Amino acid sequence: MHRYRLYRYAPGVLSFICLCLVHASAALAGTLTLAWDPSTSTTVTGYYAYLGTSSGTYTVFADAGNATSYTFTVEPGTRYFLSVSAHGDDGSPGPLAPEVTAVTEGAPVLLNPGTLTSGVNTTVRVSLLASDPNGDQVTFGAAGLPFGLTLDAPSGVITGIPTTLGSYTVAATASDSKGNSSQQAFAWTIAVVDTLAPTLAITSPVTSPFLTTSTQVSVAGTAGDDVGVTGVSWTNARGGSGTATGTTAWSAAVPLVGGSNGLAFTARDAAGRTTTRTLTVSADLAAPTIRITSPTTSTSYRTSSSSLTIRGSAADDTGVRTVTWRTSSGRTGTATGTTSWSASVPFGIGTTTFAVTVTDSVGRTGSATLSVTRR
Ligand SMILES: [Ca+2]
Ligand SMILES: [Ca+2]
Ligand SMILES: [Ca+2]
């Protein structure tokens, strides 16, 4: 109960008027009592009381008779402006007494946070917001919070990590220090919320580039996600695509073409996020080839020199590793270069067969020969 006592001088038929405003207490539909000191004028026979929600504009008029107080029915938490006038036998109102104002008692106004959705096992912070029409300190309550969440009553902050999926109906309360309170109910769903992209690892083969002589490669790996891996797929930059078998542990048999195959493996989650890892596979499916281009492209050559520089080219689907030569007279050597190679070879009098051999990265070989006759 709050009481304001204001003394004001009112000219005219009222000499001194005392206005006492008594607030309604906890009731939401409250009352406001206006009281005044009686006029000392012998011509005053009664009083009129006035009430409004803006200064100087009175929307409620009441005949108080010859009483010195009047009780209005008012809304809670509202600012009112009040005055009083006296009248004589003819009922004509005298001048208004100086206006007084007061805010009626009211509960805090609690903002409904609306329907909330939070991720299970994810940190939550939500603030309840309220204001009190009288400026009273507000404390909060909440019943039915999702498991794992707690409310700080003085601040209205709800924090924690929800542990259990489900739909919850929360009854929130804001109370002032005088026992007035208001409630708001809202729905709070704790759901699986996909926030992270999947992870993907290729566990076999472990080397990249990986060399094989097969027309397909078996690739295996793992994948993970905060919610779930929905699939793992692959593409070969040289052509072809497909779906791996399995998700968190997956495998795929990927067809290859000769040479370098750029493979990409992609894990996908339910939210459509993807993560891709690559693997390069060299498929050696063919033997290397080699040609002699100098001093002749023919299979025989005549010379008077004791030494010849023989040149040529070599090729392979994955790569030429070495080019070596030998002669029928027992000389051997390694050529300089690979795909373009040369060798300086001594020759004795007579006919000698020169043979050059290319070896690829998986040990397949190819060869070419030249019959050299020295005069
Ligand atoms: Ca209040
Ligand atoms: Ca995810
Ligand atoms: Ca090869």
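Student: Leaving aside neighbours within four places in sequence, with which residues is A270 in contact?

Tutor: This is a predicted model, and the contacts of A270 are read from it. Neighbours within four places in sequence are left aside. The residues then in contact with A270 are D194, V227, G228 and T230.

Student: Between which two strands does A270 lie?

Tutor: A270 belongs to a loop. The strands on either side of that loop cover residues 259-269 and 274-283. They are β24 and β25.

Student: How far apart are the C-alpha atoms of A270 and V229?

Tutor: Along the chain, A270 and V229 are 41 residues apart. In space, the separation of their C-alpha atoms is 7.0 Å.

Student: Is A270 buried, partly exposed or exposed?

Tutor: A residue needs 20 or more other C-beta atoms within 10 Å to be buried, and 12 or fewer to be exposed. A270 has 13 within 10 Å. Because 13 falls between those limits, A270 is partly exposed.

Student: What percentage of the residues of the protein chain count as buried?

Tutor: The same kind of count is applied to the 375 residues of the protein chain. The share that counts as buried is 30%.

Student: How many helices and strands does the protein chain have, and is it compact or spread out?

Tutor: The protein chain has 0 helices and 33 strands. For 375 residues the globule rule gives 21 Å, but the radius of gyration is 49 Å, well over that value. The C-alpha atoms fill a box of roughly 160 × 40 × 30 Å along the principal axes. Because of its radius of gyration, the chain is described, relative to a compact globule, as more spread out.

Student: Which strands are the edge strands of the open sheet with the order β10-β17-β16-β13?

Tutor: This sheet has 4 strands with mixed pairing, and its twist averages 30° from one strand to the next. An edge strand pairs on one side only. That holds for residues 116-119 and 138-143, which are β10 and β13.

Student: Which residue in β16 is the bridge partner of G141?

Tutor: Strand β16 covers residues 166-176 and runs antiparallel to β13, with 6 bridges joining the two. In β16, the partner of G141 is T173.

Student: Where is the pLDDT below 50?

Tutor: The mean pLDDT of the protein chain is 90, and 92% of its residues reach 70 or more. One stretch has a pLDDT below 50, although it has 75 contacts in the model beyond near neighbours in sequence. That stretch is residues 1-28.

Notes. Residues are numbered from 1 along each chain as its sequence is written. Chains are lettered from A and ligands numbered from 1 in the order in which they are written. This is a predicted model: local features need pLDDT of at least 70, side-chain atom pairs count only at pLDDT 80 or more; totals for chains, interfaces and linings use all residues. Two strands pair if DSSP finds at least two bridges between them. Axes are lines fitted to C-alpha atoms, for helices over the stretch in contact, and angles run from 0 to 180 degrees between N-to-C directions. The radius of gyration is taken over C-alpha atoms; the globule rule is 2.2 Å times the number of residues to the power 0.38. Two residues are in contact if their C-beta atoms, placed from the backbone, lie within 7 Å. pLDDT is the predictor's confidence in each residue, from 0 to 100.
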